[in-house]
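Please find below some notes on this model, set out as numbered points. They move from strand pairing to helix packing, domains and the ligand shell.

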Amino acid sequence: MQPEEQTITLDGQKIPFQPGQTIMDAALAAKIYIPHLCYHPEFKPHGSCRLCTVMVNGRYESACTMPAAAGQEILNNTKELNENRRALTQMLFVEGNHICPGCPKTGNCQLQAVAYYVGMLSSHYQHFYPYRDLDPSHPDYVIDFNRCILCELCVRASRDVDKKNIFAISGRGIKAHLIINSPSGKLEDTDFAVGDKAAFVCPVGAILRKRTRYTTPIGERLYDQQSIRIVGDSQQLHAGATKYGRK
Ligand code: SF4
Ligand code: FES
């Protein structure tokens, strides 16, 4: 006899989950989009951006860290939750240098795509206009620290997949910032390479491949073609994964 399938209820829809899955894992497996920025299915959840906050049995929880449990009643795509997500997204925009028309990641940027998804029409808050040095020292990559949203995806990718530990976050609170683990603090003094996982996971325009800017015409970029609700993050699309419902 087959064991009975365990389910959670997400926006009124019953979806199955496997033991050990989080709400985010179960939702993605069921092709239901929960907005996220610091989550990546290949890494341990970090739970920092709070964009994936859902309501679980009346309590706010991060879908990427909350284990799925039988009988949970979860709200995800509600006006209130999406308004909170819009405010969080606006805060990320003003904290960094996210001037989309001037950013090489435009059209392929997860932050920009999430902003469209949650209906962000303006920054709303006052811009910080940070002025942080760029690191163009590496022959193939430039780091624009002004666009880092501290998601730690590059940190986890470099440490856990590439086994190089090239990136880290230093400081806490508003002083938190991305650093390069090398004697000079420059990327050129690391063994960062084009094939590294960490070279692909940045959801914004902070880790940029040189000589590839603006090569995809407007209309053919990732999020020109599909909503983030369908394709999820660009890493998944480039990997040809079907997890997010891509055909
Ligand atoms: S550089 Fe990109 S991937 Fe790394 S922490 Fe910043 S935003 Fe995240
Ligand atoms: S995706 Fe869950 S906290 Fe960032």
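1. Strand β1 (residues 7-10) runs antiparallel to β2, and the two are joined over 4 bridges; strands count as paired if DSSP finds at least two bridges between them, while strands (E, at least two residues) and helices (H or I, at least four) are DSSP runs, numbered from the N terminus. Within this pair T7 stands opposite P16 of β2, and L10 has Q13 as its bridge partner. The two strands make a hairpin with 2 residues between them, and D11 in that turn has a positive phi of about 50°.

2. This is a predicted model, in which local features need pLDDT of at least 70 and side-chain atom pairs count only at pLDDT 80 or more, whereas totals for chains, interfaces and linings use all residues. Residues are numbered from 1 along each chain as its sequence is written, chains are lettered from A and ligands numbered from 1 in the order in which they are written, and side-chain values use heavy atoms, with hydrogens and water left out.

3. A second hairpin is formed by β3 and β4, again with 2 residues between the strands, and N57 in its turn has a positive phi of about 50°. The pairing of β3 with β4 is antiparallel and extends over 4 bridges, with E61 in β4 serving as the bridge partner of V54.

4. Both hairpins belong to an open sheet of 5 strands, ordered β2-β1-β5-β3-β4, whose pairing is mixed. Its edge strands are β2 (13-16) and β4 (59-62), each of which pairs on one side only. Neighbouring strands of this sheet are turned by 35° against each other on average, direction ignored; axes here are lines fitted to C-alpha atoms, for helices over the stretch in contact, and angles run from 0 to 180 degrees between N-to-C directions.

5. Helix α2 (residues 79-95) packs on that sheet, where it touches β3 (53-56), β4 and β5 (73-75), and its direction makes about 155° with that of β3; contact means heavy atoms within 4.5 Å.

6. A further open sheet has 3 strands in the order β6-β7-β10, with antiparallel pairing. Because β6 (134-135) and β10 (207-209) stand at its edges, each with a single partner strand, one side of each is left without a neighbour in the sheet. Between β6 and β7 (residues 141-144) there are 2 bridges, and L134 has D144 of β7 as its bridge partner.

7. The protein is divided into domain 1 (7-77) and domain 2 (99-226), with bounds that come from an automatic or database domain assignment. Their C-alpha centres lie 25 Å apart, and the contact takes 15 residues from domain 1 and 15 residues from domain 2.

8. Which residues are closest to ligand 1? They are C148, C151, E152, C154 and C202, from a shell of 13 residues, where a residue is near a molecule if one of its heavy atoms lies within 4 Å of it. The shell divides into 12 nonpolar, no polar and 1 charged, with Ala, Val, Leu, Ile, Met, Phe, Trp, Tyr, Cys and Pro counted as nonpolar, Asp, Glu, Lys and Arg as charged, and the others, Gly among them, as polar.
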